[in-house]
2 protein chains.
Amino acid sequence: MHHFEKSALEELSKIYRLNLMNSVTGYKSAHLLGTTSPSGVDNLAVFSSVVHLGSNPALVGFILRPTTVPRHSHANMKSTGVFTLNSISKVQIKDAHHTSAKYPEEISEFDQTHLKPERKAGWEAPYVQDAPIQMGCRYVNEYLIAENDTLLIVGSIEHLYIQEELLGTDGWVQLDKGEIVSINGLDGYALPKLVDRFEYARPKN
Amino acid sequence: MHHFEKSALEELSKIYRLNLMNSVTGYKSAHLLGTTSPSGVDNLAVFSSVVHLGSNPALVGFILRPTTVPRHSHANMKSTGVFTLNSISKVQIKDAHHTSAKYPEEISEFDQTHLKPERKAGWEAPYVQDAPIQMGCRYVNEYLIAENDTLLIVGSIEHLYIQEELLGTDGWVQLDKGEIVSINGLDGYALPKLVDRFEYARPKN
């Protein structure tokens with residue numbers, strides 16, 4: 001196996017290290033985060049760090065690097081109080097990735113891609129049309145990770161929309177039925193297929 | 001699409017809600033977290049919330065629900081200062097899932113599965129033999145998420161081992177070459193295949 005020690009990691013070139021460190025923690029969730037600015041411009045940005053924080057209350061979290069693109073997303077969700085998370089299906093990956101380009105705030109990523117905004121009543125942030133799962137989230141809190149000045153954003157799920165064929169009788173959502181992708185590193189998009197689903201694990205004997 | 005409002009989510013049965021909320025945030029990374037207790041018992045637990053926190057310094061994060069199984073992992077990493085994260089390949093999923101069974105602290109999950117511990121010099125936590133990616137991590141800090149009393153654990157990567165065939169010339173690690181899985185919900189294991197890798201996105205004209 002290839003072995004990197006801490007000192008070797010620190011000496012890598014920036015791009016090599018970014019590729020490496022973004023890959024080795026495994027597959028990441030793939031979402032498009034939608035917001036609207038106070039002046040009415042929609043913003044859409046791809047995120048790969050959304051995690052489940054809890055079921056009751058329904059909470060999600062994601063990491064924001066203050067120095068990277070999605071600052072518009074952050075400013076907008078703090079202004080309006082809301083954002084959307086939209087799962088990315090295989091046919092959307094090229095456009096989804098393009099939302100990571102650094103457009104000025106007055107440009108909507110919806111106008112620069114084939115992705116279409118979908119307005120739903122009572123929610124001041126755009127969903128992505130045809131996303132297999134759409135979540136209307138309210139900004140709840142943020143935590144500064146002092147070790148590297150990143151933010152953990154906490155949001156609550158207030159509206160959840162799921163394509164019917166993905167939703168099982170026990171509440172489990174089979175993601176591959178929507179061709180939902182996952183992210184490998186900074187720029188790789190992978191399509192998972194279900195291998196197996198196990199029962200609740202109990203000690204042997 | 002099926003629509004759940006916040007009030008409907010709150011009224012679901014516990015199991016239905018757990019399945020639902022653990023699925024809708026998308027594919028999760030799959031890791032086995034290895035620790036050793038002060039009395040020398042190895043502990044191994046499956047985690048699906050490991051995220052990349054930063055590349056320089058190399059930091060990972062994961063969520064710990066204080067009320068669930070991996071409390072032994074938490075106590076051990078705080079005692080010894082270290083833990084390991086091991087990616088899960090397709091052939092290991094049944095055993096990996098079984099580590100979520102609630103064994104008493106004096107029982108090592110390595111003895112209850114076919115997974116084998118691998119000791120490496122100078123690291124007081126067991127790696128999982130044949131894991132395509134192994135990370136020796138140091139416990140750095142933890143943050144209490146007050147909204148639901150979960151913890152965000154922050155660790156630094158001090159040793160990184162990668163099977164040679166996964167590691168590209170630009171540092172990107174192609175996870176599907178190691179048949180590394182991702183997790184769908186609480187108990188579904190999926191095998192991703194790379195669809196495409198894109199260039200750094202730049203604004204159109």
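The following exchange goes through a predicted model of two chains and asks what each description of it rests on.

Reader: What makes chain A a compact globule in your description, and which value agrees with that?

Author: A compact globule with 205 residues would have a radius of gyration near 17 Å, and chain A has 18 Å, so the value agrees with the rule. The C-alpha atoms of chain A fill a box of roughly 50 × 50 × 30 Å along the principal axes, and the secondary structure of the chain comes to five helices and 13 strands. Buried residues make up 54% of the 205 residues, and of the contacts with a separation of 6 or more, 61% are between residues 24 or more positions apart.

Reader: How do you know that the two copies are related as by a two-fold rotation axis?

Author: Chain A is superposed on chain B by a rotation of 180° with 0.0 Å of shift along the axis, at an RMSD of 0.0 Å. The two copies are thus related as by a two-fold rotation axis. The same surface serves both copies, in that 100% of the contact residues of chain A recur in chain B. Of the residues of chain A, A:Pro192 comes closest to the rotation axis, with its C-alpha at 1.7 Å.

Reader: What counts as contact between the chains, and how many residues of each take part?

Author: Residues are in contact if their C-beta atoms lie within 7 Å, and on that footing 96 residues of chain A are in contact with 96 residues of chain B. The side of chain A that touches chain B divides into 49 nonpolar, 30 polar and 17 charged residues.

Reader: Why is strand E3 of chain B called largely enclosed?

Author: A residue is called buried if 20 or more other C-beta atoms lie within 10 Å of its own, and six of the six residues of E3(B), residues 31-36, are buried, so the strand is largely enclosed by the rest of the structure. B:His31, B:Leu33 and B:Thr35 point one way, B:Leu32, B:Gly34 and B:Thr36 point the other way, and all are buried.

Reader: What makes E3(B) and E4(B) a pair, and in which sense do they run?

Author: Two strands pair if there are at least two bridges between them, and E3(B) has six with strand E4(B), residues 42-47, in the antiparallel sense. One of the partnerships is that of B:Thr35 with B:Asn43. The two strands form a hairpin with five residues between them, and B:Gly40 in the turn has a positive phi of about 95°. E3(B) is also joined to strand E7(B), residues 82-87, by four antiparallel bridges, where B:Leu32 has B:Asn86 as its partner.

Reader: Why are the two E2 strands said to stand at the edges of a sheet?

Author: The open sheet of six strands has the order E2(A)-E12(A)-E13(A)-E13(B)-E12(B)-E2(B), with antiparallel pairing. E2(A) and E2(B) each have a single partner strand, so one side of each is left without a neighbour in the sheet. E2(B) pairs with E12(B) over two bridges, and B:Ser29 has B:Ser182 as its bridge partner there.

Reader: Which strands of chain A does helix H2 of chain B reach with its buried residues?

Author: The buried residues of H2(B) are B:Asn19, B:Leu20, B:Met21, B:Asn22 and B:Ser23, and they pack against strands E5 and E6 of chain A together with strand E12 of chain B. Strand pairing links the chains as well, since strand E11 of chain A and strand E1 of chain B run antiparallel and are joined by four bridges, with A:Leu160 partnered by B:Phe4.

Conventions: Residues numbered from 1 in each chain as written. Chains lettered and ligands numbered in written order. Predicted model: local features only at pLDDT ≥ 70, side-chain atom pairs only at ≥ 80, totals over all residues. Contact = placed C-beta atoms within 7 Å. Nonpolar A, V, L, I, M, F, W, Y, C, P; charged D, E, K, R; others polar. Buried ≥ 20, exposed ≤ 12 C-beta atoms within 10 Å, placed from the backbone. Least-squares fit on C-alpha atoms with pLDDT ≥ 70 in both. Rg over C-alpha atoms; globule rule 2.2 N^0.38 Å.
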